[in-house]
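Me: I have a structure here that is new to me, and I keep running into labels. Could you go through it with me and explain where they come from?

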Amino acid sequence: MGEKILGLVLTIVFGYITYRLYKNNSMKKGVRLGLTIFTSILTVSSLVGPYTESNSESSNKATDSSTVSKGDSHAFSKKASSNIEKEKEKESRSESKSDVEKEKKESKNKSAANSKSESQSESKLIESTKNKNEQKNFEKFQQDLGDAPSTTKGSITSANYDQTSETLKLTLSDEALDLQGAQLKEVVRAAWTAGNSLVDSDKPFPDDKQVVSIIIQDSAGNQLAHSSAFLHEFKYDADK
């Protein structure tokens with residue numbers, strides 16, 4: 001702004017000088033014309049110079065501003081691009097982590113399912129093996145009942161299992177029954193004990209083929225002794 005004022009003042013001064021030279025007739029015409037042209041040039045320069053410089057500065061400032069603006073825009077664009085890349089990388093890591101966790105979860109579920117299936121298969125195998133063994137034990141028990149007369153040297157003539165009443169019935173020989181009193185009781189007890197030993201040596205049996213009671217009887221079917229209802233102890237019927 002100060003340069004413009006100075007230029008205006010100089011323009012007035014040089015303009016005035018030019019005017020005076022133009023009106024001065026005392027000077028030689030050639031000298032006067034030269035000075036007039038020179039002062040005219042100075043007048044024009046004083047008038048135009050500050051505006052030209054101002055416009056140049058404005059242009060330079062605009063150019064600088066544009067350059068700075070472009071630089072800032074480029075830097076902002078570069079920063080924004082960098083942030084986008086970081087976000088993409090972050091999302092990629094997050095998705096990768098999510099996929100890994102998903103695979104681990106699926107693997108864990110699959111492992112648990114396989115473990116459960118194996119456990120169920122193992123349980124079924126154990127149950128099946130148990131049932132087979134119990135059935136074999138009962139078959140062995142039936143065989144031993146058939147061998148009872150020989151293993152007891154004829155004192156027990158027959159041994160039968162009644163599945164309905166879950167009772168083992170042992171029949172004593174008539175010779176053993178010739179005894180009286182305490183001797184007969186001891187023979188009957190020995191038969192009852194032999195029956196229990198026979199059951200204990202062969203069990204466990206299937207659930208539907210249990211031996212709950214043992215009865216000792218004579219050849220006519222008369223009951224001589226039996227197992228008590230709760231404690232399954234020896235009960236001699238003649239003691240009633």
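Reply: Sure, here is a run through the labels, one at a time. This is a predicted model, where local features need pLDDT of at least 70, side-chain atom pairs count only at pLDDT 80 or more, and totals for chains, interfaces and linings use all residues. Residues are numbered from 1 along each chain as its sequence is written, and side-chain values use heavy atoms, with hydrogens and water left out.

Me: How many helices and strands does the protein chain have, and what makes a run count as one?
Reply: There are four helices and five strands. Both are DSSP runs numbered from the N terminus: helices are H or I with at least four residues, strands are E with at least two. From the N terminus on, the order is α-α-α-β-β-α-β-β-β.

Me: Why is the pairing of Asp 144 with Lys 140 called a salt bridge?
Reply: The term asks for a side-chain nitrogen of Lys or Arg within 4 Å of a carboxyl oxygen of Asp or Glu. In Asp 144 and Lys 140 the closest N and O atoms are 2.9 Å apart, so the pair fits the rule. The two are four residues apart in helix H2 (residues 29-146), which means about one helical turn separates them. The rule gives a count of five salt bridges.

Me: Is Asp 144 buried or exposed, and how do you know?
Reply: Buried means under 20% relative accessible area, exposed over 50%, and partly exposed in between, using a 1.4 Å probe and protein chains only. Asp 144 has 15%, so it is buried. Lys 140 has 39%, so that one is partly exposed. Across the 240 residues of the protein chain, 22% count as buried.

Me: Which parts of the chain does the salt bridge of Asp 239 and Lys 185 link?
Reply: The N to O distance in this salt bridge is 2.9 Å. The pair links distant parts of the chain, 54 residues apart: Asp 239 is in the segment after strand S5 (234-236), and Lys 185 is in helix H4 (residues 181-202). Lys 185 has a relative accessible area of 23%, so it is partly exposed.

Me: What makes Lys 203 and Asp 200 a salt bridge?
Reply: Their N to O distance is 3.3 Å, so the cut-off is met here too. Lys 203 is partly exposed at 47% relative accessibility, and Asp 200 is partly exposed at 47% as well. Elsewhere, salt bridges that share partners join Lys 140, Asp 144 and Asp 202 into one network.

Me: How many aromatic pairs are there, and why is the pair of Phe 141 and Phe 205 called tilted?
Reply: The count comes to seven aromatic pairs. Rings of Phe, Tyr and Trp (its six-membered ring) pair if their centres lie within 6.5 Å; planes under 30 degrees apart are stacked, over 60 edge-to-face, and the rest tilted. Phe 141 and Phe 205 have ring centres 5.0 Å apart and planes at 40°, so the pair is tilted. Phe 141 lies in helix H2 and Phe 205 in the loop between H4 and S3, so the pair ties together parts 64 residues apart in sequence. Both Phe 141 and Phe 205 are buried. Ring pairs also link Phe 138, Phe 141, Tyr 161 and Phe 205 into a cluster.

Me: Which residues is Ser 173 in contact with, leaving aside its neighbours within four places in sequence?
Reply: They are Gly 154, Ser 155 and Thr 157, where contact means heavy atoms within 4.5 Å. Ser 173 is found in the loop between strand S2 (167-172) and H4. At 7% relative accessible area, Ser 173 is buried.

Me: What is unusual about the backbone at Lys 153 and Lys 203?
Reply: Most residues other than glycine have a negative phi, and most peptide bonds are trans. Lys 153 is not a glycine, yet has a positive phi of about 55°. It sits in the loop between helix H3 (148-151) and strand S1 (156-162), and Lys 153 is exposed, with a relative accessible area of 81%. The peptide bond from Lys 203 to Pro 204 is cis, with omega near 15°. Pro 204 is found in the loop between H4 and S3.
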